[in-house]
Amino acid sequence: MSAWESQLKKPRVLILADDCNPDWPSLPVVGYKYALSLAKFCDVTIATHVRNRENIEKDPHSKGVDFHYVDNEYVAKPIHRFSTWIRGGGKVAWSLAMIFQYPTYLAFEWEVWKTFKHALRSGEFDLVHRITPMSPTMPSYIAGKSPVPFVIGPLNGNLDWPKEFRSEQTREKERARVLRDFYKYLPYSSATYRNVALILAAFDHTARDLPDGASSKVVSFPEVGFDPEWFDETDRKPAFFGDGPYNFAFVGRLVPYKVPEVAVCAFCESDILAEHKLHIVGDGPERARLEAIVEQTGRSDSVIFHGWIDQKDVGQFFRSVDGFVFPSIRELGAGVVVEAMASGCVNFVTNYGAPGDLVSEDRGFRIELNTLDEMVAGYQHAMEEAVTNPADQLSKANSAVEYATDCFTWDRKAALTVPYYEDLIAGRSITDRRDYS
């Protein structure tokens, strides 16, 4: 093969994406969108769990993409049932959930290895890229066996619980968090980071958590992105210029660590915000408590609980509101913040973890992490400023749209990944090319 032909050849990539589903929010849709965009630039085979098959095959965007469905239900089903029972449901105790996922995921990669080991050994793939799971605590069975370069990430994790919110940690049933560092001693963990060729890490706190010797393989690469078909500022309905209600919105699971009560209390306790609206999209164990707060403050007419809406409809909802209020105090990825920015919303976020990194002062409001009462006061002040100084809001929204569009469409992120693939295949050293500031 000539040098010219070699340059034209697309990388042949086996993608591991256990969580990969177009209709499920958070990690599954992130895995799906990233993998599908990589398929536009590379020759890919996507290995994913059989539970995703129905939704993938009914999505027209998946046509022509080679998916391989892995069935490890002989392990996954009984462990999932036991995990759900011991956690008291599927919405809390995520550290405990990750512990139970360990044998399930190893079984997933074992099944992938049985299917593709001959193809890998015979040179049918140039490299392997594990997209999901994204936790650095989850080791890989294949990393230590692959005869071609193994890429892992984007990884995200290792964000400590703020000391000001220990009660929320208890309500979140996150006592198992103290066991987290033991992942480094699990079977296959050291082999994973010893043999991996490239680690995409979302944030510095994630990179610092990795085992010794891994730092030379790490590049900065946030995992979040958005689909411009679903999220853009076209035909935005609100145009707040001080002559109507400002529509605030919280979108997410109603669970303790997202502290939706900060948004609710900040809104309901303000006389200045009395003529405006707060929309709550999502559901979870905190909903009854939030509804009680609204009723006690007499703001039932101005706080609207919408429950869940389909992922594909979130973009349309964002275009119908002015501001996205997201006080989460332990947000690892915050893809919803990027989606809100792309849709032209002004963002109100806690300056901790991913949201604080994504939202600079010219793209929204960053409220400092503090006690619950101090955060309520901080969010209230920012929300009041938004309605009393409407002229500044358009500039913030436009800046957010430009930032999201330049950096975080899935196709853009896939295109930025390919040069890394090419360097690995050619045996060149890896340099960190990314700038998401």
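## A buried lysine

Let's start with a single side chain: in this predicted model, Lys-33 has a relative accessibility of 10%, so this residue counts as buried, the cut-off being under 20%. Lys-33 belongs to helix H2, which covers residues 27–41.

What does the Lys-33 side chain meet there? A polar contact of 2.6 Å links it to the side chain of Asp-227. Leaving aside residues up to four places away in sequence, Lys-33 touches Asp-227, Trp-230 and Trp-410.

## The protein as a whole

Zooming out, the protein holds 16 helices and 13 strands. Of its 437 residues, 58% are buried. The exposed surface comes to about 18700 Å², with carbon and sulfur atoms supplying 51% of that area.

If you like contact statistics, here is one: among contacts between residues at least 6 apart in sequence, 72% join residues at least 24 apart.

## A six-stranded parallel sheet

One open sheet has six strands in the order E10-E9-E8-E11-E12-E13, paired in parallel. Its edges are strand E10 (303–307) and strand E13 (364–367), each of which pairs on one side only. On average, neighbouring strands of the sheet are turned by 20° against each other, direction ignored.

At the E13 edge, strand E12 (residues 346–350) pairs with E13 in the parallel sense over four bridges. Here Val-349 stands opposite Arg-366 of E13.

## Helices on the sheet

Helix H9 (residues 260–268) packs on this sheet and touches strands E8, E9, E10 and E11; its direction makes about 165° with that of E9. Helix H11 (residues 311–318) also packs on the sheet, touching E8, E9, E10 and E11, and its direction makes about 160° with that of E8.

How values were computed. Residues numbered from 1 in each chain as written. Predicted model: local features only at pLDDT ≥ 70, side-chain atom pairs only at ≥ 80, totals over all residues. Heavy atoms only, no water. Helix = DSSP H or I, 4+ residues; strand = E, 2+ residues; numbered from the N terminus. Buried < 20%, exposed > 50% of the residue type's maximum accessible area, 1.4 Å probe, protein only. Polar contact = N/O pair within 3.5 Å; in protein donor to acceptor, adjacent residues only side chain to side chain. Contact = heavy atoms within 4.5 Å. Areas by Shrake-Rupley, 256 points an atom, 1.4 Å probe, with all protein chains shown as cover. Pairing = 2+ DSSP bridges. Axes fitted to C-alpha atoms, helices over the stretch in contact; angles between N-to-C directions.
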